[in-house]
Structures are given as structure tokens and as C-alpha cells.
Amino acid sequence: MKNMGTVYEVLNKHLCTSCGTCAGVCPVDAIKMIESPPGILRPHINDAVCNHCSLCLKVCPGIRVKTDINRFDPFVGGISASYAGQIADSGLLATSQSGGIVTGLLLHALESGYIDAAVVTSQNINGSVRPMVKLADKPEEIISAQQSKYCPVPLNTFLSSSRGFNKRIAVVGLPCHMHGLYNVGKELPGFVKNIVMRIGLFCDRTLTYGAIDSLIRSAGFQNRKIAEFRYRSKKWRGWPGDVYIKDEAGEEIFLPREARLAIKENFTPLRCRLCYDKLNTFADISVGDSYGIAEPKQGLSSIIVRNENIHKVILDGAKSGKTNLRDVDPFRIVTGQGMGERKKQFSFFASAWERMGYMAPEYSLKYDYTKAPDSIDLSAYEKILKNALTIEESIR
Ligand SMILES: Cc1cc2nc3c(=O)[nH]c(=O)nc-3n(C[C@H](O)[C@H](O)[C@H](O)COP(=O)(O)OP(=O)(O)OC[C@H]3O[C@@H](n4cnc5c(N)ncnc54)[C@H](O)[C@@H]3O)c2cc1C
Ligand code: SF4
Ligand code: SF4
Ligand code: SF4
């Protein structure tokens with residue numbers, strides 16, 4: 001059958017996370033990531049160029065992540081240390097998302113020579129409010145990527161341009177990006193050999209690009225050229241931040257964060273309902289907001305360290321004065337992120353999806369997560385999945 005052995009198999013199963021790994025590894029550059037009208041980003045294959053090598057399918061984390069990492073709790077992952085922290089520069093703390101630890105760590109790693117460049121995600125470039133993936137080798141480029149873009153980012157497309165780039169790079173990404181890099185490491189280790197630091201963000205979900213357009217409409221700015229869109233700016237009321245929009249003429253508006261929270265459920269992609277790895281367990285360090293620790297208005301980051309080599313870089317960064325860290329009990333981070341509820345929700349959605357006759361993603365977890373207890377009524381979960389499926393099917 002046409003397109004068998006390519007990532008179209010993943011699209012047919014509705015399991016794409018929009019991570020861009022397939023496009024990053026395709027040896028003939030046959031794959032482009034294209035946005036469809038409801039704001040969904042998907043790979044499109046140029047049939048005239050594709051040679052059916054199946055590499056894209058082999059590395060796709062949307063359909064499968066076969067980890068051989070044996071962990072006590074796969075939802076939590078390995079932990080060698082945990083901190084709460086902030087970037088020391090108060091200006092950069094104000095413009096960061098949480099405590100600015102990601103930016104602080106990258107700036108320290110670049111200045112100390114531990115890395116030569118970092119793969120980051122910017123927004124508001126060249127008049128577009130869609131995210132843009134960048135290999136940043138200057139401090140100002142790392143700084144301009146501050147703040148979270150709660151939308152799909154085809155981060156791993158960077159693999160196509162970093163082939164043959166022999167310098168040491170850091171990657172900042174969501175769990176599904178790290179899953180893609182993990183799969184690539186198994187199939188094509190040469191592609192990832194220069195990645196020396198994986199900074200993972202916690203991730204509850206993204207929202208389709210339709211959410212950006214909806215918020216711009218709510219602000220009454222739909223007929224204007226937008227110069228800047230931010231999901232969570234601290235400028236108005238501090239952390240956790242409000243939606244900020246500025247048009248080309250310089251007019252600004254804030255929408256209270258409640259406006260973003262109110263549309264979350266409607267714009268959540270189907271695939272995010274089937275994702276277990278909120279805490280980014282495949283990264284060297286995982287960073288998120290400081291729920292469960294303290295919630296200062298300037299923002300504070302939770303940090304889980306998973307790799308001792310990177311632990312040294314983090315401690316050096318603090319010693320050099322770039323960041324401020326304090327020890328915290330990892331249990332507070334895990335409970336603050338609501339991981340008990342997350343496990344349940346993941347199991348219920350995966351069970352409902354299978355009952356609807358679809359395949360859940362293959363994760364090698366230690367128990368059968370697609371078996372919700374018989375006593376659980378899954379109809380509400382099925383309804384949510386069916387709604388999301390209607391949107392997915394509208395683009396096929
Ligand atoms: C989609 C998404 C969902 C999240 N969900 C949660 C959650 O449920 N709980 C929680 O505590 N934290 C969550 N976070 C993480 C949180 O929002 C902050 O990103 C994190 O705390 C780091 O803050 P910081 O101040 O250290 O980062 P900053 O110093 O502001 O730097 C932000 C970095 O994030 C990178 N980045 C931004 N958006 C993306 C993206 N979409 N994909 C890849 N890289 C990106 C940028 O390149 C930049 O380097 C989420 C982030 C995202 C993007
Ligand atoms: S999940 Fe990633 S690798 Fe798989 S099809 Fe989607 S964009 Fe490609
Ligand atoms: S050439 Fe190979 S990697 Fe590229 S689209 Fe075709 S099957 Fe996928
Ligand atoms: S919830 Fe999972 S699939 Fe969705 S964006 Fe986050 S890491 Fe990717």
C-alpha cells in the first residue's frame with residue numbers, strides 16, 4: 001500500500017506529536033512540516049522524492065518509544081538531585097517563564113565553553129507568531145528564546161541541519177522531543193553524538209496553533225499585524241503570567257491568564273491525552289514551574305537532575321554567580337505537578353482510546369496502562385477523544 005513504511009502510518013493512527021524527528025532524519029529531505037487550517041502541524045511527504053527507506057517510521061516517538069531504561073517509577077524517572085532555582089540577573093528573571101533556570105544554564109554552558117550552541121525555540125520572528133527552531137550560538141539568541149511556547153514545535157527538524165556540525169550542542173525540548181532523540185540515538189547514533197546536554201521542560205500538553213488565533217481574536221486584534229504574542233508574560237501581574245499581545249503599531253493588551261485556561265480543553269491535541277511523560281524523564285535535567293515548593297511573583301524553577309555530568313555544570317553555574325539554587329525534596333516537585341492524578345488520567349485516556357478500536361502509543365512501561373479498572377466509567381474520556389478525533393480527521 002502507498003505510504004506503508006513511512007510516518008503516514010503514524011498519521012493514520014492519529015499518534016503524531018508534531019515533534020519533527022521524521023523530517024530531521026529523512027535522508028532525502030522528503031518531509032516538510034505543514035500547518036493545516038485548524039492549527040495542526042503534520043509531516044507531509046513528497047512522494048516523488050521518498051525512497052521508502054522507513055527511517056522516519058523507525059525513529060518516530062509518536063508511535064513508539066522502546067526504552068530499555070529500567071526505572072522504579074517510569075513517570076518520575078531517575079533523580080540524582082533536585083533544586084529550586086532562579087537566574088541571578090533580575091532583568092532576565094523578569095522576562096523568563098518560571099525562574100529563568102533554562103536560560104541561565106544555557107548562558108553559563110556557552111560562556112564556559114561546555115557547549116558551542118543550543119537548540120532553542122523562539123517566537124515573534126519576521127512577523128510570525130508561530131514558533132521557530134533555532135541553533136543559537138550567541139547569548140542574545142538564547143535570551144530571545146525565553147518563555148514557553150505552549151504549542152507544537154517541530155524541534156527535531158534541527159537534526160537535518162546539524163548533521164556534520166561537529167560542535168557540542170545543548171537541546172531544550174519537551175518530553176516528546178526527547179523521546180525522538182532517544183529513538184534516533186538507537187537507530188542512527190551519529191545524528192545525536194554531538195548533543196552533550198538535554199534540558200527537558202515538564203509538559204502537561206501543548207495547544208494547537210488555533211489557540212493563538214483564538215486568543216488574538218478575543219483581544220479584538222484579529223485584523224492587525226501582530227508583532228508580539230506571549231502566553232504567559234509576567235509584566236502585568238508577575239508569575240504565573242498573563243497573555244500579552246502587541247500589534248505592529250505598538251498597541252498592547254493583556255488578557256488575564258484565565259482566558260488561556262478557559263480554552264485549554266478545546267485546543268488540546270489528541271496525542272497529548274495519550275502521553276505519560278509529563279516530567280521529561282529522558283532528559284539530563286528536567287525543569288518546570290515551582291508548584292508544590294513556593295510561588296513567588298518573580299517566578300521560580302523546579303529542577304530535577306538526572307545526569308551527574310550535567311549536575312557538575314549546574315553547580316558550576318551557581319558557583320559562578322549565574323544562578324541561585326537551593327535543595328528541595330523531589331517528592332514536593334512530583335506531588336506539586338499532580339503526578340498521582342496524571343497517572344490515572346493517562347491510563348483512562350489510553351484505555352478509552354483502545355476501547356474505541358485504536359492503538360495507544362507503545363511505551364515500554366512496566367505495567368499495562370491501557371487497562372483501567374472495569375469499575376471506571378470511561379464515557380467522558382471517550383467523548384473528549386472523539387471530539388479531538390473529529391478535528392484530526394478534518395485535515396486528512
Ligand atoms: C508546552 C509546554 C508545557 C509545559 N507544561 C508544564 C507543566 O505542566 N508544569 C510545569 O511546571 N511546567 C511546564 N512547562 C515548563 C515551564 O513552562 C517552563 O518552560 C519551565 O519552567 C522553564 O522555565 P524557565 O524560566 O527556566 O525558562 P526560560 O529561561 O524562560 O527559557 C524557556 C526555554 O524553553 C524553550 N521552549 C519554549 N517553548 C518550547 C517548546 N514548546 N518546545 C521546546 N522548547 C521550548 C525555549 O527555547 C527556552 O530556551 C511547560 C512548557 C511548555 C513549553
Ligand atoms: S510524531 Fe514526530 S516523528 Fe512521528 S510523524 Fe509526527 S512529527 Fe514525525
Ligand atoms: S525517504 Fe525514508 S525517511 Fe524519507 S520520507 Fe521516505 S521513508 Fe521516510
Ligand atoms: S503532552 Fe506529550 S505529546 Fe503533548 S506536547 Fe507534551 S510531551 Fe509532547
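Welcome to this predicted model. A good place to start is helix α8 (residues 175–187), which lies across β7 and β8 and runs at about 150° to β8. Those two strands belong to an open sheet of eight strands, and the protein as a whole is divided into domain 1 (81–207 + 269–336) and domain 2 (210–262). Three ligands, a second sheet and a pair of helices complete the tour below.

**The eight-stranded sheet**

- Along this open sheet the strands follow the order β6-β5-β7-β8-β12-β13-β4-β14, and their pairing is mixed.
- Its edges are formed by β6 (132–136) and β14 (323–327), each of which pairs on one side only.
- On average, neighbouring strands here are turned by 25° against each other, direction ignored.
- Helix α5 packs on this sheet and touches β4 (81–87), β5, β7, β8, β12, β13 (301–305) and β14, with its direction making about 90° with that of β4.
- β7 and strand β8 (residues 195–201) run parallel and are joined by five bridges.
- G173 can be found opposite G200 in β8.

**Around ligand 1**

- Ligand 1 is surrounded by 32 residues, and the closest are S98, T103, V120, D204 and G288.
- Several elements each supply at least two residues of this shell: α5 (101–111), β5 (117–122), β7 (169–173) and β12 (285–289).
- Sorted by class, the shell around ligand 1 has 14 nonpolar, 15 polar and three charged residues.

**The three-stranded sheet**

- Another open sheet has three strands in the order β9-β10-β11, with antiparallel pairing.
- β9 (226–233) and β11 (252–255) are its edge strands, each pairing on one side only.
- Neighbouring strands of this sheet are turned by 15° against each other on average, direction ignored.
- Strand β10 (residues 242–247) runs antiparallel to β11, and four bridges join the two.
- For Y244, the bridge partner in β11 is F254.
- Helix α10 (residues 257–267) packs on the sheet, where it touches β9, β10 and β11, and its direction makes about 105° with that of β10.
- Helix α9 (residues 210–218) also lies across β9, β10 and β11, running at about 100° to β9.

**Two domains side by side**

- Taken over C-alpha atoms, the centres of domain 1 and domain 2 are separated by 24 Å.
- Where the domains touch, 18 residues of domain 1 are in contact with 14 residues of domain 2.
- On the domain 1 side of this contact there are six nonpolar, eight polar and four charged residues.

**Around ligands 2 and 3**

- The shell of ligand 2 consists of 14 residues, with C16, C19, C22, C60 and G62 the closest.
- That shell holds eight nonpolar, six polar and no charged residues.
- Ligand 3 has 13 residues around it, and C26, C50, C53, L55 and C56 come nearest.
- Nine nonpolar, four polar and no charged residues make up the shell of ligand 3.

**A pair of helices**

- Helix α14 (residues 339–355) packs against helix α15 (residues 379–393) at an angle of about 70°, and their axes are 9 Å apart.
- Because of that angle, α14 is roughly perpendicular to α15.
- From α14, the residues F348, F349, A352 and W353 meet Y381, E382 and L385 of α15.
- This contact between α14 and α15 is made by six nonpolar, no polar and one charged residue.

How values were computed. Residues numbered from 1 in each chain as written. Chains lettered and ligands numbered in written order. Predicted model: local features only at pLDDT ≥ 70, side-chain atom pairs only at ≥ 80, totals over all residues. Near = placed C-beta within 6 Å. Nonpolar A, V, L, I, M, F, W, Y, C, P; charged D, E, K, R; others polar. Pairing = 2+ DSSP bridges. Axes fitted to C-alpha atoms, helices over the stretch in contact; angles between N-to-C directions. Contact = placed C-beta atoms within 7 Å. Domains from an automatic or database assignment. Parallel < 35°, antiparallel > 145°, perpendicular 65-115°, else oblique.
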